[in-house]
Each structure stands twice: as structure tokens, then as C-alpha cells.
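Q: Please take a close look at one part of this structure for me. I want to follow the charged side chains and their surroundings step by step.

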Amino acid sequence: QVIFSRFSFRLVRSILFLMAAFSERIMVQAIPLMGELHGRWVGEGIGEYKPSVAPFRYNQEIVFETTNRPHVWQFRAESRKQETNAGLHSETGFLRFFPDPGLVPHGGRLELTATHPFGLCEIDEGTYDADSFDVWTRYQGLIRTTTAKSPLVTEIRRKMELKVLLDGRVEMTYVVEMATDRSDTQTHYRSVLQKIPSARE
């Protein structure tokens with residue numbers, strides 16, 4: 001009976017694993033943007049925030065990975081000063097895709113959650129299509145710790161667009177806009193990234 005129970009447990013676990021893998025494959029096929037995003041992206045960009053932050057150049061890396069939910073990708077991003085390689089910013093979060101062709105052709109609704117090391121939690125909502133997404137903070141989508149310092153972020157918008165180059169490579173343009181309690185919404189980061197081929201490719 002113990003042997004049978006162990007066998008049953010392993011069988012159920014294997015079936016669940018196969019179902020999850022199959023569901024993920026079907027979801028990626030149904031949402032082309034998920035397949036395009038998956039992987040490691042590296043590039044450089046220019047940041048500024050008038051009037052307090054002068055223009056600066058930075059290197060950026062963004063990694064999109066699978067989770068145990070077929071419609072959810074996890075991501076982590078890091079940016080560093082180009083001159084010194086000193087860390088500028090890092091964040092981690094999730095992308096939740098909800099297909100809705102009636103809302104957006106070849107797309108649907110997108111939810112993005114992110115946490116920042118300066119005491120901020122971010123919830124964005126918007127839309128995606130086959131090669132882009134546009135999300136922003138809605139419904140009081142920013143929560144901060146009691147020790148977060150001024151200037152306080154009051155709004156964030158993220159825009160991403162993919163473009164196929166003449167040589168077949170895919171290029172990502174990634175823009176982050178931000179508002180604070182001291183300034184109106186403006187572009188804070190703009191980077192151009194390219195996917196790094198994985199060992200399997």
C-alpha cells in the first residue's frame with residue numbers, strides 16, 4: 001500500500017507537471033508577445049529627470065522568465081552607470097497577461113507588479129498587443145513604506161515596443177515615465193535592448 005501510494009503520488013505529480021508545461025506552451029502560442037519577451041535583454045539607455053537629475057547614460061539588463069502560472073511571466077531588471085558600472089536601480093516583479101481580442105487585436109489586458117529597493121510597491125494596468133505594451137499606475141497603484149524619502153513617486157508609466165531589424169534581430173525600446181510630488185510626469189529612462197541568445201538557440 002505504501003509503494004502504491006508513492007507510485008500514485010509520483011504519477012499525479014508527473015501528470016500535473018505535463019499539464020502545466022502543455023498549458024504554458026498553449027498560452028505562449030496564444031500570446032505571441034510572451035514568447036518574444038522570454039529571455040535576457042541587454043542594452044543601454046539615457047536617463048534624466050528635470051530639473052534635479054542631469055542626463056546620464058546607463059547599461060541595463062532585463063530578464064523575463066516563466067512561472068508556475070502559464071499566463072504570468074516574472075521579471076527582474078537592473079541598471080548601472082555606464083562610466084563606473086555602479087548600481088543605479090534594480091526591481092523585480094510579474095507580468096500577468098489576459099487575452100482579450102475584442103479590446104486589442106492580437107492582445108488584451110496586462111497587469112504589472114514591481115517592487116523597488118527604495119520602499120515602493122507598484123501596480124500598473126494597461127494593454128498589450130503582438131509587439132508592445134503600455135501600462136501605468138491606476139486606482140492608487142503605488143504603496144510605499146513609512147521610511148520612503150521625498151521626492152515621493154506619484155505615478156509611473158511603462159511602455160515597451162519590439163521591432164525586427166533588417167538582420168533579423170529583435171530590438172526592444174523600453175521607456176519609463178514618472179511623476180513625483182514635486183514634478184509632473186516626464187520620461188525618466190529610455191533604453192534600447194537586444195535579446196541575448198540562450199544556449200539552446
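A: One term comes first. A residue is called buried if its relative accessible area is under 20%, exposed if that area is over 50%, and partly exposed in between. The model is predicted.

Start with Asp124 and Arg158. Asp124 is buried, and Arg158 is too. Salt bridges with shared partners link Glu91, Glu122, Asp124 and Arg158 into one network.

Now take the network pair by pair. Side chains of opposite charge can pair when their charged atoms come close. Arg158 and Glu122 do so in a salt bridge, 2.8 Å from N to O. Arg158 sits in strand β8 (residues 153–164) and Glu122 in strand β6 (residues 120–128), so this pair ties together parts that lie 36 residues apart in sequence. Arg158 and Glu122 are both buried. Arg158 has a second partner in Asp124, and here the closest N and O atoms are 3.5 Å apart. That pair also links distant parts of the chain: Asp124 is in β6, Arg158 is in β8, and 34 residues separate them.

Next to this network comes His116. Which residues does His116 touch, leaving aside its neighbours within four places in sequence? They are His89, Ser90, Glu91, Glu122, Ile156 and Arg158. Glu91, Glu122 and Arg158 are also named in the salt-bridge network. His116 itself belongs to strand β5, which spans residues 108–116. Its relative accessible area is 10%, under the 20% limit, so His116 counts as buried. Its side chain makes a polar contact of 3.1 Å with the side chain of His89.

The network is part of a wider set. The structure holds 11 salt bridges. One of them joins the side chains of Arg96 and Glu111, at 2.8 Å from N to O. Arg96 is in strand β4 (residues 87–99) and Glu111 is in strand β5, so the link spans 15 residues of sequence. Is Arg96 buried or partly exposed? At 29% relative accessibility, Arg96 is partly exposed. Compare the other arginine: Arg158 is buried.

Go back to β8 and follow the chain onward. Strands β8 and β9 run antiparallel, with 11 bridges joining them. They form a hairpin with 5 residues between the strands, and Gly168 in the turn has a positive phi of about 95 degrees. Along this pairing, Leu162 has Met172 in β9 as its bridge partner. β9 is mostly covered, with 10 of its 11 residues buried.

In a regular strand the side chains alternate between the two faces of the sheet. Look at one charged residue in β9. Glu177 is found in this strand, which covers residues 170–180. Its relative accessible area is 13%, again under the 20% limit, so Glu177 is buried. The side chain of Glu177 makes a polar contact of 3.0 Å with the side chain of Lys159. What else does Glu177 touch, leaving aside its neighbours within four places in sequence? Besides Lys159, its contacts are Glu155, Ile156, Arg157, Thr185, Gln186, Thr187 and His188. Ile156 appears here, and it is among the contacts of His116 as well.

Arg157, one of those contacts of Glu177, also meets a ring. It lies over the face of Trp136, at 5.4 Å from the ring centre.

The far side of β9 completes the strand picture. β9 and β10 are antiparallel, joined by 9 bridges. They form a hairpin with 2 residues between them. Thr187 in β10 is the bridge partner of Glu177, and Thr187 is also among the contacts of Glu177.

β10 brings in the aromatic side chains. Rings of Phe, Tyr and Trp pair if their centres lie within 6.5 Å. By this rule there are 5 aromatic pairs. In one of them, the ring centres of Phe56 and Tyr189 are 6.2 Å apart and the planes meet at 85 degrees, so the pair is edge-to-face. Phe56 is in strand β2 (residues 53–66) and Tyr189 in β10 (residues 183–196), so the two rings tie together parts 133 residues apart in sequence. Tyr189 is buried, at 17% relative accessibility. Phe56, Tyr58 and Tyr189 form one aromatic cluster.

How values were computed
Residues numbered from 1 in each chain as written. Predicted model: local features only at pLDDT ≥ 70, side-chain atom pairs only at ≥ 80, totals over all residues. Heavy atoms only, no water. Phe/Tyr/Trp six-rings, centres within 6.5 Å; stacked < 30°, edge-to-face > 60°. Helix = DSSP H or I, 4+ residues; strand = E, 2+ residues; numbered from the N terminus. Buried < 20%, exposed > 50% of the residue type's maximum accessible area, 1.4 Å probe, protein only. Lys NZ or Arg CZ within 6 Å of the ring centre and 35° of its normal. Polar contact = N/O pair within 3.5 Å; in protein donor to acceptor, adjacent residues only side chain to side chain. Contact = heavy atoms within 4.5 Å. Salt bridge = Lys/Arg side-chain N within 4 Å of Asp/Glu carboxyl O. Pairing = 2+ DSSP bridges.
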